Amino acid sequence: MESTQKFIINIENQEWLYDNEEEDLCSHGEIHLSVNRTIITQSGIKEEWGISESALALLRTIDNDYVCHPNDKEGLILHGCGAILMMGCPISIHWTVEHSGDQVLLSDFVKIITTDPETGSVYYPGLHAALNKNEYKKQIVQFAVQVKNFFDASKEKRITDDYDRETYQEFWDEFNQLLENNLLDPIGEL
């Protein structure tokens, strides 16, 4: 199976929750996520995700491992009810990301679809994929670039609360640094 079929993540649609986009600090929408042709989420199944939050969580995994532990960690695909804080809502999709040489190993997929993980968790036993780190990186960077372009095309944010303004700035500082670090490799290719 081609590596591009092993792991596919795309933004299906991205929008603001509020009519006034100047006050909405996170984008939301539908994502297509499939692993070895097993669809974990896709458009049309009434699952909405926090797109911008998820992009940052995914960017963090390009060079760092992430261990799937839904009871103790935020997910990689987030529902978005925690706003830019990326915390507080159990609805999420988790999986383990393990770096091994030039390979990235993905496993332990679980989707939590309610606020009660005990009754609302969908496990994908045996679902795993190994792909080249550059292919993984390419998928994550293209996802993050879509988010960045969406925000760049939006109206300037009006943030009246100092804490929210500081958190929003920290979010974008980290997001932009991780994206910049991964846009080009030493020979100038994505």
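What follows looks at a buried helix, a histidine and the salt bridges of this structure. The model is predicted, so local features need pLDDT of at least 70 and side-chain atom pairs count only at pLDDT 80 or more, while totals for chains, interfaces and linings use all residues. Residues are numbered from 1 along each chain as its sequence is written, and side-chain values use heavy atoms, with hydrogens and water left out.

Helix α2 makes a good starting point. Helices (H or I, at least four residues) and strands (E, at least two) are DSSP runs, numbered from the N terminus. Buried means under 20% relative accessible area, exposed over 50%, and partly exposed in between (1.4 Å probe, protein chains only). Nine of the nine residues of α2 (residues 51–59) are buried, so the helix is largely enclosed by the rest of the structure. Among them are Glu53, Ser52 and Ser54, along with Leu56, Leu58 and Leu59.

One residue touching this helix is His28, which has Ile51 among its contacts (heavy atoms within 4.5 Å). His28 sits in strand β2 (residues 28–35) and is itself buried, at 5% relative accessible area. Leaving aside neighbours within four places in sequence, its other contacts include Glu48, Trp49, His79 and Gly80. Gln14 is also on that list; although Gln14 and His28 are 14 residues apart along the chain, their C-alpha atoms are separated by 5.5 Å. The His28 side chain also reaches the backbone oxygen of Cys26 at 3.4 Å, a polar contact (a pair of N or O atoms within 3.5 Å; within protein, one must be able to donate a hydrogen and the other to accept it, and residues adjacent in sequence count only if both atoms are side-chain atoms).

Turning to charged pairs, the structure holds seven salt bridges, each a side-chain nitrogen of Lys or Arg within 4 Å of a carboxyl oxygen of Asp or Glu. In one of these, Glu47 pairs with Lys111, with the closest N and O atoms 2.8 Å apart. This pair links distant parts of the chain, 64 residues apart: Glu47 is in the loop between β3 (38–41) and β4 (49–50), and Lys111 is in strand β7 (residues 103–112). Both Glu47 and Lys111 are buried.

Lys133 and Asp63 form another salt bridge, at 2.7 Å from N to O. Here, too, distant parts of the chain are linked, with Lys133 in helix α3 (residues 133–152) and Asp63 in the loop between α2 and β5 (77–78), 70 residues apart. Lys133 is partly exposed at 23%, as is Asp63 at 46%.
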